[in-house]
Amino acid sequence: MSQFLNIIGEKCPKCGTGKVFKTKGNIFLLKMPVMNDDCPHCGHHFHKETGYFFGAMYVSYALAVAEMVALFVVLLPFTKDFGILVGAVAVMAVVLSPYNFRLSRMLWIYMFDGPEKVPENR
């Protein structure tokens with residue numbers, strides 16, 4: 001449960017205290033989120049290599065598709081107008097793009113650079 005809360009809170013995967021992102025971004029101001037290069041608390045380096053976050057694009061795509069399908073299913077009983085459905089889905093995709101960007105990178109970091117597993121002493 002703590003890893004889930006750290007992902008949602010955008011905390012460092014190693015110390016669980018430092019913030020991964022400097023800014024959250026705002027689509028209405030045309031600002032995308034900005035990541036810290038290193039954790040401000042423990043100094044853990046977030047960018048491992050060039051292209052490290054390439055796979056996070058696939059995670060972001062999956063998140064966006066899931067959100068679009070969910071909104072489509074929720075709105076379908078209220079309107080049968082295809083234009084309204086597509087418009088609502090498009091607006092939601094644009095508005096949630098900074099959130100999807102941050103969440104997909106956090107999921108990627110925790111999948112491949114998550115907390116160290118401490119072996120149990122027997």
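Biologist: Which residue lies over the face of Phe-53?

Modeller: Happy to help, and keep in mind that this is a predicted model. An Arg counts as sitting over a ring if its CZ is within 6 Å of the ring centre and within 35 degrees of the ring normal. Here the distance from the ring centre of Phe-53 is 4.4 Å, and the residue lying over that face is Arg-105.

Biologist: Phe-53 also belongs to an aromatic pair; what kind of pair does it form with Tyr-52?

Modeller: A pair of aromatic rings is described by the distance of the centres and the angle of the planes. The structure holds four aromatic pairs. In the one made by Tyr-52 and Phe-53, the centres are 4.8 Å apart and the planes meet at 75°, which makes the pair edge-to-face.

Biologist: And how are the rings of Phe-54 and Tyr-58 arranged?

Modeller: Their centres lie 5.9 Å apart, and the angle between their planes is 80°. Planes over 60 degrees apart count as edge-to-face, so the pair of Phe-54 and Tyr-58 is edge-to-face.

Biologist: Is Tyr-58 buried or exposed?

Modeller: Let's use the cut-offs: buried means under 20% relative accessible area, and exposed means over 50%. Phe-54, at 48%, counts as partly exposed. Tyr-58 has 55% relative accessibility, so its label is exposed.

Biologist: Let's turn to helix α3; how far apart are its end C-alpha atoms?

Modeller: Helix α3 covers residues 82–95, which is 14 residues. At 1.5 Å a residue, the helix should span 20 Å. The model agrees with that, because the distance between the end C-alpha atoms of α3 is 20 Å.

Biologist: Within what arc do the buried residues of α3 fall?

Modeller: An α-helix has 3.6 residues a turn, so residues three or four places apart point the same way. In α3, the residues Leu-85, Val-89 and Met-92 are buried. Looking down the axis of α3, its buried residues line one face of the helix, because they fall within an arc of 65°.

Biologist: Which helix do those buried residues pack against?

Modeller: We are looking for the partner of the buried residues of α3, and it spans residues 56–75. That partner is α2.

Biologist: Which residue caps the N-terminal end of α3?

Modeller: Look for a side-chain oxygen that lies 3.2 Å from the backbone nitrogen of Gly-83. A polar contact needs N or O atoms within 3.5 Å. The residue that supplies this oxygen and caps α3 is Asp-81.

Methods: Residues numbered from 1 in each chain as written. Predicted model: local features only at pLDDT ≥ 70, side-chain atom pairs only at ≥ 80, totals over all residues. Heavy atoms only, no water. Phe/Tyr/Trp six-rings, centres within 6.5 Å; stacked < 30°, edge-to-face > 60°. Buried < 20%, exposed > 50% of the residue type's maximum accessible area, 1.4 Å probe, protein only. Helix = DSSP H or I, 4+ residues; strand = E, 2+ residues; numbered from the N terminus. Expected span 1.5 Å × (residues − 1). Arc of directions from axis to C-beta. Contact = heavy atoms within 4.5 Å. Polar contact = N/O pair within 3.5 Å; in protein donor to acceptor, adjacent residues only side chain to side chain.
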